[in-house]
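Please open the model in a viewer and prepare to make selections in turn. The tour concerns the ligand and its surroundings.

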Amino acid sequence: MTNKQKALIWFRQDLRVKDNPALDAASEFEHVLPVYIIDETAPERAQLGGASSWWLHHSLTSLGKALQNNILIVKGDPKAILKSLIDEHQIDAVFWNRQYEDWQIKRDSEIKTAIKERGLIATSFNASLLWEPMNILKKDKTPYKVFTPYYRKGCLVHSQPRLPISTTQPKSFVEVDYNFEANLSALELLPKLDWDSDFTNHWAPGEEGAASKLSRFIEQACLAYQDGRNIPSIRGTSQLSPHLHFGEISPNQVWYAVLDAFDGDIENKNIDVFLSELGWREFSHYLLYHWPNIHTDNFNTKFDKFPWRKDEKDLKAWQFGNTGIPIIDAGMRELYQTGYMHNRIRMVVGSFLVKNLLIDWREGERWFWDCLLDADAAANSASWQWVAGSGADAAPYFRVFNPILQGEKFDKEGEYVKRYCPELAKLPPKFIHKPWEAPSNILNACSVVLGKNYPKPIVDLKSSRLRALDAFSEIKGG
Ligand SMILES: Cc1cc2nc3c(=O)[nH]c(=O)nc-3n(C[C@H](O)[C@H](O)[C@H](O)COP(=O)(O)OP(=O)(O)OC[C@H]3O[C@@H](n4cnc5c(N)ncnc54)[C@H](O)[C@@H]3O)c2cc1C
């Protein structure tokens with residue numbers, strides 16, 4: 001008979017107590033030891049970016065509160081740490097929720113084998129995906145490469161997503177001589193530069209913050225999502241991405257909360273489109289599982305010969321929102337100030353970097369990785385490759401977003417641009433997306449001095465588009 005005395009739950013990207021299958025299993029034991037490990041053996045590309053570190057600090061604070069500060073937070077090699085905790089506290093069972101990157105799978109299966117070899121229990125669960133990537137294959141048993149058949153014929157037909165569970169909470173905790181708050185601050189996750197000052201105005205990391213974002217979305221935005229999601233000046237989307245990334249809410253909770261709120265009305269286009277965005281999230285994890293190198297390698301190998309430009313000055317202008325193209329600058333400044341950028345604008349700034357500036361998508365991916373609070377290995381690399389045209393089911397390379405037309409269509413009055421580029425605030429809508437076309441009397445009246453208080457465009461949009469198409473034609477056949 002199994003000894004049900006002490007269980008360890010290893011938290012990873014599941015920083016919540018509700019709908020948490022691993023915590024639920026651990027709570028069947030008399031005493032529970034919750035642990036979070038900052039994995040120092042992770043590959044360099046997987047080390048946390050600056051914005052994610054900020055989020056993690058606050059998310060762990062929130063999880064700590066929910067567990068009466070009984071969570072042990074440590075840094076190092078998970079294999080060694082778990083072994084020593086099992087020995088020190090005579091743990092009978094270890095539970096965790098699965099992660100799906102190749103190095104995580106390898107690490108976890110070695111740990112599972114080592115624990116089982118000692119005659120102890122080691123069990124993992126799915127808590128972060130609606131459909132696990134190994135279960136969705138085409139009839140010929142190969143993975144899908146195109147989103148719509150993957151989602152509509154693969155996932156939706158395969159099974160209904162698991163219903164959220166009401167997690168049992170631990171009866172008591174394993175006693176550990178440990179100061180949660182001191183240890184958390186010793187990890188120095190908060191940025192040293194005063195760059196995060198605006199984050200707290202926009203975000204409340206943790207399970208409660210996630211739940212309130214979900215309720216707001218359901219009450220105020222969901223039924224207008226199809227159009228609202230394209231307008232960057234309003235909150236037409238859920239802003240759940242960092243919460244989902246850190247697992248403060250499961251996609252299952254989101255999926256069923258939306259369906260329950262609207263009586264399962266999947267015929268409603270707004271609901272269908274929103275659920276399919278959760279499907280895109282699944283698809284990016286699916287791609288990373290089946291093609292583990294999509295962080296670094298072009299999915300479409302034709303792009304290996306693409307003649308990217310190296311230009312530090314242009315890259316810096318893009319990163320810090322000084323390109324002289326207002327919608328691009330507003331997006332990049334939104335990212336830097338708030339740790340987030342609206343999806344439509346992510347596509348526009350991405351297209352501008354790889355197509356108008358001809359800079360390698362990997363530069364954009366790295367910058368986003370450092371600056372985004374929702375930086376996610378799967379969604380970030382899959383989306384960058386989508387934008388570049390090198391990805392699975394990608395936007396065709398010849399579709400170059402015109403940032404002026406995108407601005408005029410989705411930010412008609414220029415409200416979004418004005419929010420992040422206040423130096424342009426007095427410009428009339430006619431010129432807000434192309435200040436260089438404004439007559440000098442209007443620029444003067446609006447206190448805009450191009451090249452002084454707002455940059456002149458660093459690139460000509462028409463000729464740089466043609467340059468991109470020429471570059472593409474070089475690799476098209478090969
Ligand atoms: C260049 C680029 C980089 C991106 N990098 C990331 C990233 O690092 N992390 C990240 O979570 N998303 C990324 N995205 C996808 C998307 O922009 C964000 O998920 C979305 O803007 C988050 O806002 P939201 O939560 O309000 O989304 P909503 O519109 O409310 O969508 C609900 C959820 O669906 C998922 N989702 C929506 N769109 C996508 C998508 N295109 N791909 C994958 N999942 C999606 C997210 O989890 C999101 O929270 C990127 C997109 C682009 C174009």
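**The ligand site**

Select domain 2 (129–162 + 207–290) and domain 3 (301–476): both give residues to the shell around the ligand, so the ligand lies between them. These bounds come from an automatic or database domain assignment. Residues are numbered from 1 along each chain as its sequence is written, and side-chain values use heavy atoms, without hydrogens or water. The model is predicted: local features need pLDDT of at least 70, side-chain atom pairs count only at pLDDT 80 or more, and totals for chains, interfaces and linings use all residues.

Next, select the shell, counting a residue if one of its heavy atoms lies within 4 Å of the ligand. It holds 25 residues, the closest being Y225, T237, S238, Q239 and N343. By class, 13 are nonpolar, 7 polar and 5 charged; nonpolar means Ala, Val, Leu, Ile, Met, Phe, Trp, Tyr, Cys and Pro, charged means Asp, Glu, Lys and Arg, and the others, Gly among them, are polar.

Now display the polar contacts (pairs of N or O atoms within 3.5 Å). Oxygen atoms of the ligand lie 2.8 Å from a polar side-chain atom of Y340 and 3.0 Å from a backbone N or O atom of L240. At D374, a polar backbone atom is 2.8 Å from a ligand nitrogen atom. The protein buries 94% of the 830 Å² that the ligand exposes when taken alone (Shrake-Rupley method, 1.4 Å probe).

Finally, colour α10 (241–245), α12 (269–290), α15 (343–356) and α17 (377–388), the elements giving two or more residues to the shell. The largest share, 5 residues, comes from α12. Helices are DSSP runs of H or I with at least four residues, numbered from the N terminus.

Key. A polar contact is a pair of N or O atoms within 3.5 Å; within protein, one must be able to donate a hydrogen and the other to accept it, and residues adjacent in sequence count only if both atoms are side-chain atoms.
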